[in-house]
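Subject: Handing over a model, with notes on what was found

Dear colleague,

I am passing on the structure we spoke about, together with some notes to read beside it. Please have it open as you go through them.

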Amino acid sequence: MRFLETFFNPAVIGQYLPDIFAAMWVTIYLAVATVITGVLLGGALACIRTANLKVVNFFIIVFADIMRALPPLVLILILYFGMPSVGLSLSAEVVIWLVLSAVLTAFAEEIFWGGLTAVPAGQWEAGRATGHSKFQTLIYIALPQAVRMGIPPLVNRILATTKLTALGSVIGVKEILSVASSAQSFSGSATPLTMAAVAYMIIFIPAVIASHWVERRFSYKM
């Protein structure tokens, strides 16, 4: 009974359930915005690298390496607490979106680039032989193959990155963990943390199931 009273207190659940629901929507839209931005920008950067512009490629590689190396929390703290010192104040939600999008962009770029380099040279040559320009060959022949080859690692990275929305609790984003932590402090009960765990499962278990379906449906077969 003490276990249930601690982690599943009905009174606490009833009091904070609306707040948790609201926080779930914040987590969802931040995750969706991050995925859209990160995947599109990552794919774009990988395509730009095929142009073999040495200076441009250098900066893309440096960006990807830095974003993959730095802990996201460090970037979040720098942007949120450091940028006001130079006259640029960003909302907590924008900071989370920018940082997580940049991190996902870096990983997505490397995943797409790996797929593009794995496309056999004969595919590129065949595209040019049929009258396509290099850009058309990239878009219509090479990129679709690269995307399919990159789906498994990309899906895993998307799931890992979107769960980092929980870092928003550090700077006051009203996402699930932040709201649950505040509720736990006010109520003195661990029930809000249990509610947070359930909320994350409600969001991400369907996402994991969908990811398995996507991997099976679009798996690349030589």
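Before coming to the residues, one cut-off is needed: a residue is called buried when its relative accessible area is under 20%, exposed when that area is over 50%, and partly exposed in between. Please also keep in mind that this is a predicted model.

On that scale Arg 49, with a relative accessibility of 8%, is buried because the value falls under 20%. Arg 49 is a good place to begin, since its side chain takes part in a salt bridge with Glu 109, where the closest N and O atoms are 2.9 Å apart. Arg 49 belongs to helix H2 (residues 10-49) and Glu 109 to helix H5 (residues 92-118), so this pair ties together parts of the chain that lie 60 residues apart in sequence. Glu 109 is itself buried, its relative accessible area being 1%. Arg 49 also meets the side chain of Glu 110 in a salt bridge, with an N to O distance of 3.2 Å. This pair again joins helix H2, which holds Arg 49, to helix H5, which holds Glu 110, and so it ties together parts that are 61 residues apart in sequence. Glu 110 is partly exposed, at a relative accessible area of 25%, whereas Glu 109 is buried. Taken together, Arg 49, Glu 109 and Glu 110 are linked in a network of salt bridges.

The structure holds 3 salt bridges, and the one not yet described is formed by Asp 65 with Arg 68, the closest N and O atoms again being 2.9 Å apart. Asp 65 and Arg 68 both lie in helix H3 (residues 54-69), 3 residues apart, which is about one turn of the helix. Asp 65 counts as partly exposed, with 39% relative accessibility, and Arg 68 is likewise partly exposed, with a relative accessible area of 36%.

In the loop between H2 and H3 you will find Asn 52, which has a positive phi of about 60 degrees although it is not a glycine. Asn 52 counts as exposed, because its relative accessibility is 53% and the cut-off is over 50%.

Turning to the interior, the largest nonpolar core has 17 residues, of which Ile 76, Ile 96, Val 99, Ile 171 and Val 173 touch the most other members. The elements that contribute two or more residues to this core are H2, H3, helix H4 (72-82) and H5, and H5 gives the most, with 9 residues. As background, nonpolar side chains in soluble globular proteins tend to be buried together. If you centre the view on Ile 96 and leave aside its neighbours within four places in sequence, you will see it in contact with Leu 30, Ile 76, Leu 167, Gly 168, Ile 171 and Val 173.

How do helices H7 and H9 run relative to each other? The axes of helix H7 (residues 134-162) and helix H9 (residues 191-217) come within 9 Å and cross at roughly 170 degrees, which makes H7 roughly antiparallel to H9. The residues making this contact include Arg 148, Ile 151, Pro 152 and Val 155 of H7, and Phe 204, Ala 207, Val 208 and Ser 211 of H9. By class, the contact of H7 with H9 has 8 nonpolar, 3 polar and 3 charged residues.

Helix H7 also holds Ala 142, which counts as buried, at 1% relative accessibility. Apart from its neighbours within four places in sequence, Ala 142 is in contact with Leu 116, Val 119, Trp 124 and Thr 137. The C-alpha atoms of Ala 142 and Leu 116 are separated by 6.3 Å, although the two residues are 26 apart along the chain.

Finally, some values for the chain as a whole. The chain has 9 helices and 0 strands, and its C-alpha trace spans about 70 × 45 × 25 Å along the principal axes. Of its 222 residues, 39% count as buried. Among contacts between residues at least 6 apart in sequence, 77% join residues at least 24 apart.

With best wishes

Notes
Residues are numbered from 1 along each chain as its sequence is written. This is a predicted model: local features need pLDDT of at least 70, side-chain atom pairs count only at pLDDT 80 or more; totals for chains, interfaces and linings use all residues. Side-chain values use heavy atoms; hydrogens and water are left out. A salt bridge is a side-chain nitrogen of Lys or Arg within 4 Å of a carboxyl oxygen of Asp or Glu. Helices (H or I, at least four residues) and strands (E, at least two) are DSSP runs, numbered from the N terminus. Buried means under 20% relative accessible area, exposed over 50%, partly exposed in between (1.4 Å probe, protein chains only). A nonpolar core is a set of buried Ala, Val, Leu, Ile, Met, Phe, Trp, Tyr and Cys residues joined through side-chain atoms within 4.5 Å. Contact means heavy atoms within 4.5 Å. Axes are lines fitted to C-alpha atoms, for helices over the stretch in contact, and angles run from 0 to 180 degrees between N-to-C directions. Angles under 35 degrees count as roughly parallel, over 145 as roughly antiparallel, 65 to 115 as roughly perpendicular and the rest as oblique. Ala, Val, Leu, Ile, Met, Phe, Trp, Tyr, Cys and Pro count as nonpolar, Asp, Glu, Lys and Arg as charged, and the others, Gly among them, as polar.
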